[in-house]
Amino acid sequence: ENGKLRETFDHMRLEKKTFDTIRLKLERELVENKQKIMEGIETSTTAYEARDEAQGKMMALKEKADKDLSQYNTELKELMRIIEHDRKLKEFMRIKGEERAEMMEGELSSLKKKKDEKDKGDKAEETIESYE
């Protein structure tokens, strides 16, 4: 009976050793899996933060682009207004210049006519005087 108990005891000791070996192996796997999970969480967190930062930069760039476009449109309208104003001013000055040239031409021709008439009158007087 003592031999049977010893045999049972040896068998249980062997099973405990096997159990302990398997338990240690499983604990190591558990630790490794926890580390992998933590690395995955860290990678995920880093990726999320990078994505969040990229989205923030994209929003800032979009706002800047919208602001720049708005400013460009405002400046373009102002420049178009100035160009149109200059065009109208040049057209006005051209028309006034033509009117003034026509007016000056008219005055010159009327002065020339008056001078020609005066010259004719003076010649007529000279002719009359020379006859006398």
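Helices here are DSSP runs of at least four residues, numbered from the N terminus. The model is predicted.

**Exercise 1. Describe the fold of the chain from its secondary structure and its dimensions.**

Step 1. Take the secondary structure. The chain has one helix and zero strands.

Step 2. Take the extent. The C-alpha trace spans about 190 × 15 × 10 Å along its principal axes.

Step 3. Set the radius of gyration against the globule rule. For 132 residues, a compact globule would come near 14 Å. The chain has 56 Å.

Step 4. Look for buried residues. Buried means under 20% relative accessible area. Of the 132 residues, 0% count as buried.

Step 5. Add the surface. The accessible surface is about 13100 Å², and 59% of that belongs to carbon and sulfur atoms.

**Exercise 2. Find how many salt bridges the chain has, and where its charges lie on average.**

Step 1. Count the charges. There are 30 positive and 34 negative ones.

Step 2. Compare their mean positions. These are 8 Å apart.

Step 3. Apply the cut-off. A side-chain nitrogen of Lys or Arg must lie within 4 Å of a carboxyl oxygen of Asp or Glu. The count comes to 12 salt bridges.

**Exercise 3. Explain how glutamate 98 and arginine 94 are placed to form their salt bridge.**

Step 1. State the contact. The two side chains, glutamate 98 and arginine 94, meet at 2.6 Å, N to O.

Step 2. Recall the principle. Side chains of opposite charge can pair when their charged atoms come close.

Step 3. Use the spacing. Glutamate 98 and arginine 94 are four residues apart in helix H1, so about one helical turn separates them.

Step 4. Check exposure. Glutamate 98 is partly exposed, at 40% relative accessible area. Arginine 94 is partly exposed, with a value of 40%.

**Exercise 4. Work through the salt bridges of lysine 16 and lysine 62.**

Step 1. Start with lysine 16. Its partner is aspartate 20, with the closest N and O atoms 3.0 Å apart.

Step 2. Place this pair. Lysine 16 and aspartate 20 both lie in helix H1 (residues 2-131), four residues apart, or about one turn. Aspartate 20 is partly exposed, at 21%.

Step 3. Go on to lysine 62. This residue forms a salt bridge with aspartate 66 at 3.4 Å, N to O.

Step 4. Place this pair too. Lysine 62 and aspartate 66 are in helix H1, four residues apart. Aspartate 66 has 43% relative accessibility and counts as partly exposed.

Step 5. Widen the view. A network of salt bridges links Lys16, Asp20, Arg23 and Glu27.

Note on methods. Residues are numbered from 1 along each chain as its sequence is written. This is a predicted model: local features need pLDDT of at least 70, side-chain atom pairs count only at pLDDT 80 or more; totals for chains, interfaces and linings use all residues. Side-chain values use heavy atoms; hydrogens and water are left out. Helices (H or I, at least four residues) and strands (E, at least two) are DSSP runs, numbered from the N terminus. The radius of gyration is taken over C-alpha atoms; the globule rule is 2.2 Å times the number of residues to the power 0.38. Buried means under 20% relative accessible area, exposed over 50%, partly exposed in between (1.4 Å probe, protein chains only). Accessible areas come from the Shrake-Rupley method with a 1.4 Å probe; for residues, only the protein chains shown count as cover. Lys and Arg count as positive and Asp and Glu as negative; His and the chain ends are not counted. The place of a charge is taken as NZ of Lys, CZ of Arg, CG of Asp or CD of Glu.
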